[in-house]
Amino acid sequence: MAPIVKVSVVIPAYNEARRIAATIHDAQSYFESRNLAYEIVVSAEGTDGTREVAAALGRNNPAITVIGSPARRGKGRGIRETIRLTTGDIVGFVDADHKTPMRAFDDFAVLLQQGYDLVIGSRGLPGAVIERPQPLHRRIGSRGFALFMHAVVGLRDYSDTQCGFKFFRRQIAIDLFSRQRIDGYMFDVEILYLASKAGYRIGQVPVQWRDDGDSRLQLVMGNARNFADILRIRFGACPAAAAPESDRVRSGEVAP
């Protein structure tokens with residue numbers, strides 16, 4: 001594979017005004033320290049000022065772009081609509097709450113250079129560092145979900161499908177996200193399912209991770225939707241998603 005020329009990082013965010021600046025600064029500092037060309041595209045939803053905070057940073061750095069809308073439309077949808085706007089030869093996404101530091105990309109770059117089509121972070125592999133674990137009830141719930149998910153869609157080679165730190169060779173990202181339809185949190189499972197069915201080479205990297213104690217998942221309704229989406233992934237019942245143009249924000253100008 002040719003040397004990495006440019007990396008595009010998508011940061012999906014919902015009401016993350018308190019933390020989005022630190023996440024953007026971490027990514028910016030990392031890529032500049034590595035002399036890598038980059039772009040950061042924030043897909044921000046909500047009404048707490050996240051778009052405005054990110055756009056203010058973009059006024060001083062043309063590599064930062066912000067899109068989004070006040071309505072909460074789902075993490076999967078936000079990433080799907082943003083991937084097509086990127087320009088890097090490596091494209092990925094990281095969580096807005098900075099659960100995994102950007103320096104983890106060092107190990108991802110090695111595998112991508114070795115020919116892997118996509119590389120995913122894992123909290124379940126030997127070598128992963130969990131600085132602050134999830135509460136016990138969340139860990140039990142995650143284990144139950146994993147058992148159900150593996151029984152329905154397979155993916156047993158992947159101990160962690162949900163870590164929000166994944167990177168793709170550009171053409172692989174474009175292909176997978178053009179066929180991805182889940183708007184909510186289960187989009188990660190769908191992406192890995194599509195990649196596995198397509199025979200793409202998937203690498204895994206143990207990551208440093210910390211829980212932020214701010215779960216947005218509704219325990220009853222949220223989990224019900226997640227279980228329903230797993231069934232949709234497996235049995236091909238995902239309808240084509242509507243794809244209205246997001247409000248694009250460039251150079252610090254927030255669209256009304």
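The following paragraphs lead from the overall make-up of this predicted model to helix 3, its salt bridges and two neighbouring topics.

The chain contains eight helices and 10 strands, and of its 256 residues 50% are buried. Among contacts between residues at least 6 apart in sequence, 82% join residues at least 24 apart. The accessible surface of the chain amounts to about 11600 Å², and carbon and sulfur atoms account for 53% of that area.

Before any detail is read, the confidence of the prediction deserves attention. The average pLDDT over the chain is 87, and 87% of the residues score at least 70. Residues 237-256 stand apart in that their pLDDT stays under 50, although the model has 51 contacts beyond four places in sequence for this stretch. Where pLDDT is low, the predicted coordinates should not be read in detail, and the contacts of residues 237-256 are therefore best left without close interpretation.

Helix 3 is a useful place to begin looking at the interior. Eight of its nine residues are buried, so this helix is largely enclosed by the rest of the structure. The buried residues are Gly76, Arg77, Gly78, Ile79, Arg80, Glu81, Thr82 and Ile83, a list that includes the charged residues Arg77, Arg80 and Glu81. Around them, the packing partners are strand 1 (6-14), strand 2 (37-45), strand 3 (64-69) and strand 4 (90-94), together with helix 6 and helix 7.

The structure holds 14 salt bridges, and some of them involve residues of helix 3 already named. Arginine 73 pairs with glutamate 81, the closest N and O atoms lying 3.1 Å apart. The two partners differ in their exposure, because buried means under 20% relative accessible area: arginine 73, at 21%, is partly exposed, whereas glutamate 81, at 3%, is buried. Both residues also belong to a network of salt bridges that links Glu45, Arg73, Arg77 and Glu81.

A second salt bridge of helix 3 joins arginine 80 to aspartate 183, with the closest N and O atoms 2.6 Å apart. Aspartate 183 lies in the loop between helix 6 (170-179) and helix 7 (187-198), while arginine 80 is in helix 3 (residues 75-83), so the pair ties together parts that are 103 residues apart in sequence. Here too the exposure of the partners is unlike, since aspartate 183 is partly exposed at 27% relative accessibility and arginine 80 is buried at 9%. Elsewhere, arginine 19 forms a salt bridge with glutamate 16, the closest N and O atoms being 2.9 Å apart, and in this case both residues are buried.

The loop that carries aspartate 183 leads on to the two helices that flank it. Helix 6 and helix 7 pack at an angle of about 115°, and their axes are 10 Å apart; the crossing is right-handed. Helix 6 contributes Leu176, Phe177 and Arg179 to the contact, and helix 7 contributes Phe187, Glu190, Ile191, Leu194, Ala195 and Ala198.

Strand 4, one of the elements against which the buried residues of helix 3 pack, contains glycine 92. This glycine is buried, with a relative accessible area of 0%. Leaving aside residues up to four places away in sequence, glycine 92 touches Ser8, Val9, Val10, Lys166, Phe167 and Phe168. The C-alpha atoms of glycine 92 and phenylalanine 168 are separated by 5.9 Å, although the two residues are 76 residues apart along the chain.

Terms used
Residues are numbered from 1 along each chain as its sequence is written. This is a predicted model: local features need pLDDT of at least 70, side-chain atom pairs count only at pLDDT 80 or more; totals for chains, interfaces and linings use all residues. Side-chain values use heavy atoms; hydrogens and water are left out. Helices (H or I, at least four residues) and strands (E, at least two) are DSSP runs, numbered from the N terminus. Buried means under 20% relative accessible area, exposed over 50%, partly exposed in between (1.4 Å probe, protein chains only). Contact means heavy atoms within 4.5 Å. Accessible areas come from the Shrake-Rupley method with a 1.4 Å probe; for residues, only the protein chains shown count as cover. A salt bridge is a side-chain nitrogen of Lys or Arg within 4 Å of a carboxyl oxygen of Asp or Glu. pLDDT is the predictor's confidence in each residue, from 0 to 100. Axes are lines fitted to C-alpha atoms, for helices over the stretch in contact, and angles run from 0 to 180 degrees between N-to-C directions. A crossing is left-handed if the near helix is turned anticlockwise from the far one by less than a right angle, and right-handed if clockwise.
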